[in-house]
Amino acid sequence: MPELSRRRLITSTATLAAATCLPMPGWAKGGSLTHAKRGFGELFGEDIELAIGDHHFSTGGRSGHAFAVNGTVPGPLIRLREGQDVRLHVTNHLEEDSSIHWHGLLLPFQFDGVPGVSFPGIKPGERFTYEFPIRQSGTYWWHSHSGLQEQAGHYGPIVIESADPDPRYDRDYVVLLSEFTPMHPHTIMRKLKVGEHYFQRQMQTVSEGEMSGEMRRMWGQMRMNPRDISDVTGSTYTFLINGHGPSDDLQLEFKPGERVRLRVINGSAMTFFNVRIPGVSMTVIQTDGQDVDEVEVDEFQIGVAETYDVIVAPPAGSHAIVAEAMDRSGMGVASLTSLAGHIATPPPLREIPTLTMTDMGMMDHAAIGHDMSAMSDMGSMDHNMRDTSQLPSDVKASAGLDMVAPMPADRMNFPGLGLDTVDHRVLRYTDLKAKRMNPHREVERTMEIHLTGNMERYMWSFDGKKFSAVTDDPIRFGYDERVRVKLVNQTMMAHPIHLHGHFFEMVNGADHMHQPLKHTMVVQPGSTATFDLTANEPGDWAFHCHLLYHMHAGMMQVVTVRPFLEGDEA
């Protein structure tokens, strides 16, 4: 049945993909719009009403159109209880189709909210009801899965209270990280297609930095720049915390002596953030809504769509919550304060990090930097990085693939670009261990999926093949099958890979019974990352890079979970 339902729905995605060809919407013709409020209210109960509408939004001197839900950006915090049933009634007041995906929630696939995969979407003027039991607790979020609406404000947080209260904290706050730009998201997409460096304002020049002449020539020959870190940057983004830009002076109050839980959600479209509170340590207790053994850190990098819950015990005073963009082009800022009205002073932006040969799937970059004889010549390095003969036979060598990582290696111990050289404690995936034991099962099958792209043409894909709404070729898992999936990143960008409807166990060096559960995992540039999946949620599920413009450009596939029938191919 899931397979048949997807065939019936698949034309919906093709319709959405053509949305840019529709007539200009009313809001773009100069009609007056109400201003969306910064921040969010809170909704709870068994029946929750959500309304999607066109609004105006402004922060930090930037102003433009937004898709707001219930009149706010972000949309409302939905607070639920483990074990309850919920009905979420969503009314679409836009002039285009819309949707809501409940990111990280376990639910029947037909309520997952992905047009063309699990339901047809919500038409203009229609009201759709999502109805499902709440089978978990933790910190999650919701967002549109239609077109590029998520970039324009269509997202919000979810907190599910546990049936077993946690005595380790006295109060808690959601810290939802995102971006705002007055530029229409389809305009951003067009500019990225024209030139992937369009939003870069801090590219490394020939005379800048400590690279040798050999290294500079090598980067130039490969038509790459070591500061090509983020596709869209602070040149057009204002970075937000709970809908507030740095100049909005957001304050989160506490009383001296309190332990505060911060539920950090990366609800951005394209930005990895490095999160810290200078002078205050953080104890990580949860990731992606799942409990982990406590880890004390001073900073952590959070990929797009991930969540981390931390507990802090700040001394009296005001402390800056800093969410610095990975490329150091800007930051989101809020004040954690025991003094009402007192604004903490954030630290300055740090030095811009640079990519290395390791990020390109080469050998240790220090060895290359000091001993160029490690490679026969620069031409051979360039050739190795474009030699598609190294790829498995099922990976399509096409115009959508312009780079091959010659020596991709597991980088689970890498803390994230720019955090590998700091002198304080930073979180690494290898620090994470599940707090409760996972049921142990032997892996029945292994598979490999390659993350591929052509940065110059801004084409992104799995195994060299872009997702197409008219192609019926899903990734197949047998119901309750235990599969080990190895992701091989052939590109020089980090990709946060998200599987809908499931939690997988991240193979990070922890013992098999305590591999941490995740729904989104960052695969570092030029590296591999592996997870174990028990495919026990039947239906059709989206599987994609959560960088919004990468997904929109083709880095997505459908995962079908159903019992294998005679003649099926895995």
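Is Phe57 buried or exposed, at 0% relative accessibility? Buried: with a value of 0%, Phe57 falls under the 20% cut-off, so that's the label it gets. Keep in mind that we're looking at a predicted model here.

Now let's see who Phe57 teams up with. Its ring pairs with the ring of Phe180, and because the planes sit at 70°, over the 60 degrees that edge-to-face calls for, the pair counts as edge-to-face. The two ring centres are 5.0 Å apart. Phe180 is buried as well, since its relative accessibility is 3%.

Where do these two rings come from? Phe57 belongs to strand E3 (residues 47–59), while Phe180 belongs to strand E12 (residues 171–180), so their pairing ties together parts that are 123 residues apart in sequence.

There's another edge-to-face pair to look at, made by Tyr237 and Phe239. Tyr237 counts as buried because its relative accessibility is 2%, and Phe239 counts as buried because its value is 3%. Here are both pairs side by side:

| Pair | Centre to centre | Angle between planes |
|---|---|---|
| Phe57 and Phe180 | 5.0 Å | 70° |
| Tyr237 and Phe239 | 6.1 Å | 65° |

Why those two columns? A pair of aromatic rings is described by how far apart the centres are and by the angle of the planes.

How many aromatic pairs does the structure hold? The count is 14. Rings can also gather into a group: Trp102, Phe111, Phe119, Phe128, Tyr130 and Phe132 make up one aromatic cluster.

Finally, a ring can have a charge for company. Arg411 lies over the face of Phe414, at 4.3 Å from the ring centre.

Technical notes. Residues are numbered from 1 along each chain as its sequence is written. This is a predicted model: local features need pLDDT of at least 70, side-chain atom pairs count only at pLDDT 80 or more; totals for chains, interfaces and linings use all residues. Side-chain values use heavy atoms; hydrogens and water are left out. Rings of Phe, Tyr and Trp (its six-membered ring) pair if their centres lie within 6.5 Å; planes under 30 degrees apart count as stacked, over 60 as edge-to-face and the rest as tilted. Helices (H or I, at least four residues) and strands (E, at least two) are DSSP runs, numbered from the N terminus. Buried means under 20% relative accessible area, exposed over 50%, partly exposed in between (1.4 Å probe, protein chains only). A charge sits over a ring if NZ of Lys or CZ of Arg is within 6 Å of the ring centre and within 35 degrees of the ring normal.
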